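Colleague: Thanks for making time for this one. Could you walk me through the model and tell me what lies behind each term you use?

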Amino acid sequence: MENLKPLRRHNASIIFGAFFSVAALVLLTVIALLVLQDSKIFAYCAGAVVALGGTVAASIVLSHSTLKSSEFLSMAILHVTRDNQVVGAPDVTTVPAAQDFMNSLAQTVYEIAANPLTQATPKTTPGNDFQKELLQNTPLAIYALNKDGSLTYANQAGIVYAGLKIPEAIGQKFYDVIKLSFASTDTLESWLKASENTTATATHTWERVQLELPGKVIKQCDMAVHFSKDNPNGIESVIILFDQTVRYSKDDHGASFVSMAVHELRTPLTVMRGYIELFEDEIAPKLDTEQAVFMRNLSAQAEQLAAFVSNVQNFARIEANELNLNLKEEAWGAIVEGAVKDMNLRANVRKKTLQYQIAPDLPTVAVDRSTIYEVLVNLIENAVKYTHIDAPVTIRTYKKDANWVETVVEDKGIGIPEGVIGRIFEKFYRSHRSSQTVGGTGLGLFLSKTIVTAHGGEIWVKSHEGEGSTFGFTIPTFESVASQLTSADNKTIVRGAHGWIKNHTLYRG
């Protein structure tokens, strides 16, 4: 090998020097024998010549073995640090005296080269040393993924935050070693797949991401990701996690307290609604016009409070992944008509009118009656609340195709700003402008989306600020999902409404 030529020349010069020394000693011995004719001196000289000759022979053999070992290790190192098509892997049979030992050394070289966390790197400039130290010592958890979605790097904070076992985690699929869950279908996995097909570089951020550790320990964080397709350094995605566990836990504790308080309201609310219905039946004919208005308003407020209680309780169940839907065959037109009639009282209190159109050819649908009723109520309630002019709210339902029935709720209200329309289905989200004029919790649309998604349908919105909004959603026809029934006697399909979407192993598409 070219790299070993200086070592070869050095060893050769030593060997030739020793050889010429032996030759000179032999010559001197011959001369001494001719001149002195002494047998004792001859014996001493002969012994010295043999000893020196043996030493030279051993040096030649040792030098050859050393060169073979050096050549073997040089080829192993060059094989992993340069183009392995140019420098092939060394053959262990070339060092027969120490095959096992040399093979072990070569395997160690290969393992070091394959592990980015321990890989020896070339000497860098002071600036690069500073950047490397800064990256390793930053308190933010940082991870790097290759184009196959495998973890190639984690800084010290990232190792500790996710409880990674190093070096075992390096080289594994990212989603297999770091369990992330998202509050919507906008997950890391879906975003990376979309980015691969649409852009060369992109950056995206998420709030309220859950990280599940061993032992069911949950941390919460915000996340930022930079994507760079086919990056020459092999790092295609860089992920940074910002720990927000303490901050979001306070919100969760607050939501849990509200849920508990709302649960305690349910019993007195039920009693209050019962008395209101009794009064309406027993004393309504005796009330004057003003008293009748009071009674109607009281009933409307009780219904609105009942809807609020139901929303909060369902939200708590969704967050705990405990809300199960029982999809049964239902007549969709009757459900829509019932919801509109129930909402008429609340609409009349706000001096709004509801009108509905139900297509005559509607097939039966597969729905959970109680939860899908809440979707209708939430959408109609929003349309009534955000319509500030004397214009009706229209509800239309029709057969979209053989598999889906679509329902839309259209208003002529204030509309939704284009900049926030993409966030209105997020939990707790409310536009700053609307939150100042209209009350609400920011849960209605989140719940509606979660429930519709659990039914297998989709929910959407079209809106122009100042002109009004149209919300629509689809639900499956019963015929399209009837094959999912477990038996002829079981007329129910059970599905879960999950608040957190888990990632799966990323496969490059």
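Colleague: Let me start at the end of a helix: which residue with a positive phi follows α10?

Modeller: That is Lys351, with phi near 60°. Before we go on, this is a predicted model, where local features need pLDDT of at least 70 and side-chain atom pairs count only at pLDDT 80 or more, while totals for chains, interfaces and linings use all residues. Residues are numbered from 1 along each chain as its sequence is written, and side-chain values use heavy atoms, with hydrogens and water left out.

Colleague: What makes a positive phi worth pointing out?

Modeller: Most residues other than glycine have a negative phi, and most peptide bonds are trans. Lys351 lies in the loop between α10 and β8. Asp230 also has a positive phi, near 50°, and sits in the loop between β5 (217-228) and β6 (237-243). As for peptide bonds, the one from Ile166 to Pro167 is cis, with omega near 10°; Pro167 belongs to the loop between α5 (156-162) and α6 (174-177).

Colleague: Why is Lys351 called exposed?

Modeller: Exposed means over 50% relative accessible area, buried under 20%, and partly exposed in between, with a 1.4 Å probe and protein chains only. Lys351 has 69% relative accessibility, so it counts as exposed.

Colleague: And why does Ser448 count as buried or exposed?

Modeller: Its relative accessible area is 1%, so Ser448 is buried. Ser448 is placed in helix α13 (residues 444-455). Leaving aside neighbours within four places in sequence, Ser448 is in contact (heavy atoms within 4.5 Å) with Val375, Asn378 and Ile459.

Colleague: How do you know that the length of α10 fits a helix?

Modeller: Helices are DSSP runs of H or I with at least four residues, strands are runs of E with at least two, and both are numbered from the N terminus. The expected span is 1.5 Å times one less than the number of residues. For the 18 residues of α10 (residues 332-349) that gives 26 Å, and the end C-alpha atoms are 27 Å apart, so the two agree.

Colleague: What about α11: which span should its 17 residues have?

Modeller: They should span 24 Å, and the end C-alpha atoms are 24 Å apart, so that agrees too. α11 is mostly covered, with 14 of its 17 residues buried.

Colleague: Where does α10 bend, and how is that defined?

Modeller: The bend is the angle between axes fitted to the seven residues ending at a position and the seven starting there. In α10 this comes to about 35° at Met343. Met343 is also one of the buried residues of α10, which include Trp332, Ile335, Val336 and Ala339.

Colleague: What makes a group of residues a nonpolar core?

Modeller: A nonpolar core is a set of buried Ala, Val, Leu, Ile, Met, Phe, Trp, Tyr and Cys residues joined through side-chain atoms within 4.5 Å. The largest has 56 residues, and Trp332, Leu354, Ile380, Phe471, Phe473 and Ile475 touch the most other members. Helix α11 (residues 369-385) gives the most to this core, with 8 residues. Another core lies apart from it, with 31 residues, among them Leu151, Leu180, Phe182 and Cys221.

Colleague: Which residues does Trp332 touch?

Modeller: Not counting residues up to four places away in sequence, they include Leu362, Val365, Ile372, Leu376, Phe473 and Ile475.

Colleague: Which strands of the open sheet are edge strands, and why are they called that?

Modeller: Two strands pair if DSSP finds at least two bridges between them. The open sheet has 5 strands in the order β8-β10-β11-β13-β12, with mixed pairing. β8 (354-358) and β12 (459-464) each pair on one side only, and they are the edge strands.

Colleague: How many bridges join β10 to β8, and how many join β10 to β11?

Modeller: β8 and β10 (residues 393-399) are parallel over 5 bridges, with Tyr356 opposite Ile395. β10 and β11 are antiparallel over 6 bridges, with Arg396 opposite Val408. β10 and β11 form a hairpin with 4 residues between them.
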